[in-house]
Amino acid sequence: MVRVPWATPRRPRVSVVIPTLDEEANIGWVLGRIDASVEEVIVVDGRSRDATVDVARRSRPQVRILEQPLPGKGAALALGLCAASGDIVVMMDADGSMDPREIPAFVQSLLGGADLVKGSRTVRGGGSHDISALRRCGNRVLIGLTNGTYRQRWSELCYGYAALWTDIVPVLELAALACPAPGPARRLRADYGHGFEIEALIFCRAARAALRIAEVPSFEYRRRSGASHLRPWRDGWRVLQAVTRERTWTSGHAGLPAATDT
């Protein structure tokens, strides 16, 4: 996909998508650090049992709240990305591990010519207070496999801080992951793409679609409160499945699902 200069807005509207599940202790901090210049913030809630939604509305009254019809981080992100109305959409976590004040660096990289920008904890200027030795080892194996398979030189794969132009969302065909009805993309299992493999799926599809993918440094902090929903062995296996299955993916430019605010 070649982005011509006249098609790139000088002052793009920015949307931010944040999936949540029982993050009442963290979501206020995250929303409070998103600059007021960000036109749209979408919280996609996975039917939280705590006050996540109420805290989000108090912290940023203009926030859009979407209730996801299917469980899982991947289903939430797919719904939010498809619903975003800005020129650029940023996806990030709700636990406070990703600093919203890094958003301008992602936007600048997109304005510099990239179609998709992914944060990296391993390049100069990036880092992590949270990644364990097991996860670091697993990431190295997965990134080596991914780079060899998709002919990339990425330094990071399993990190979900990323930004992209919204006009490439249809190219990635995420709509089938957000809809309750089974779709043609369900090649592996009924909930394929609904978990923590969503970032790898998006990046691999972007590579297969020959999109221009850039990386920017990002620092991962420890989650501010509560326990992580990540399970290294289970979710690492799902990422591996996504990397191998997406080798045969080809874009058919699927339509977008309708999203209902709550």
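## Strand pairing

Two strands count as paired here if DSSP finds at least two bridges between them. In this predicted model, strand S1 (residues 14-20) and strand S2 (residues 40-45) meet that condition, pairing in the parallel sense over 6 bridges. Within this pair, Val17 of the one strand stands opposite Ile42 in S2.

## The sheet as a whole

The pairing of S1 with S2 belongs to an open sheet of 7 strands, whose order is S3-S2-S1-S4-S7-S5-S8 and whose pairing is mixed. At its edges lie strand S3 (64-67) and strand S8 (213-217), each of which pairs on one side only. On average, and with direction ignored, neighbouring strands of this sheet are turned by 20° against each other.

## A helix across the strands

Helix H8, which spans residues 198-208, lies across strand S4 (88-91), strand S5 (116-120), strand S7 (162-165) and S8. With respect to S5, helix H8 runs at about 135°. One of the strands that H8 lies across, S8, is an edge strand of the sheet.

## The chain in numbers

Taken over its full length, the protein chain has 9 helices and 9 strands, and 52% of its 262 residues count as buried. Among the contacts with a separation of 6 or more, 81% are accounted for by residues 24 or more positions apart. The protein chain exposes about 12000 Å², and carbon and sulfur atoms supply 53% of that area.

Methods:
Residues numbered from 1 in each chain as written. Predicted model: local features only at pLDDT ≥ 70, side-chain atom pairs only at ≥ 80, totals over all residues. Heavy atoms only, no water. Helix = DSSP H or I, 4+ residues; strand = E, 2+ residues; numbered from the N terminus. Axes fitted to C-alpha atoms, helices over the stretch in contact; angles between N-to-C directions. Contact = heavy atoms within 4.5 Å. Buried < 20%, exposed > 50% of the residue type's maximum accessible area, 1.4 Å probe, protein only. Areas by Shrake-Rupley, 256 points an atom, 1.4 Å probe, with all protein chains shown as cover.
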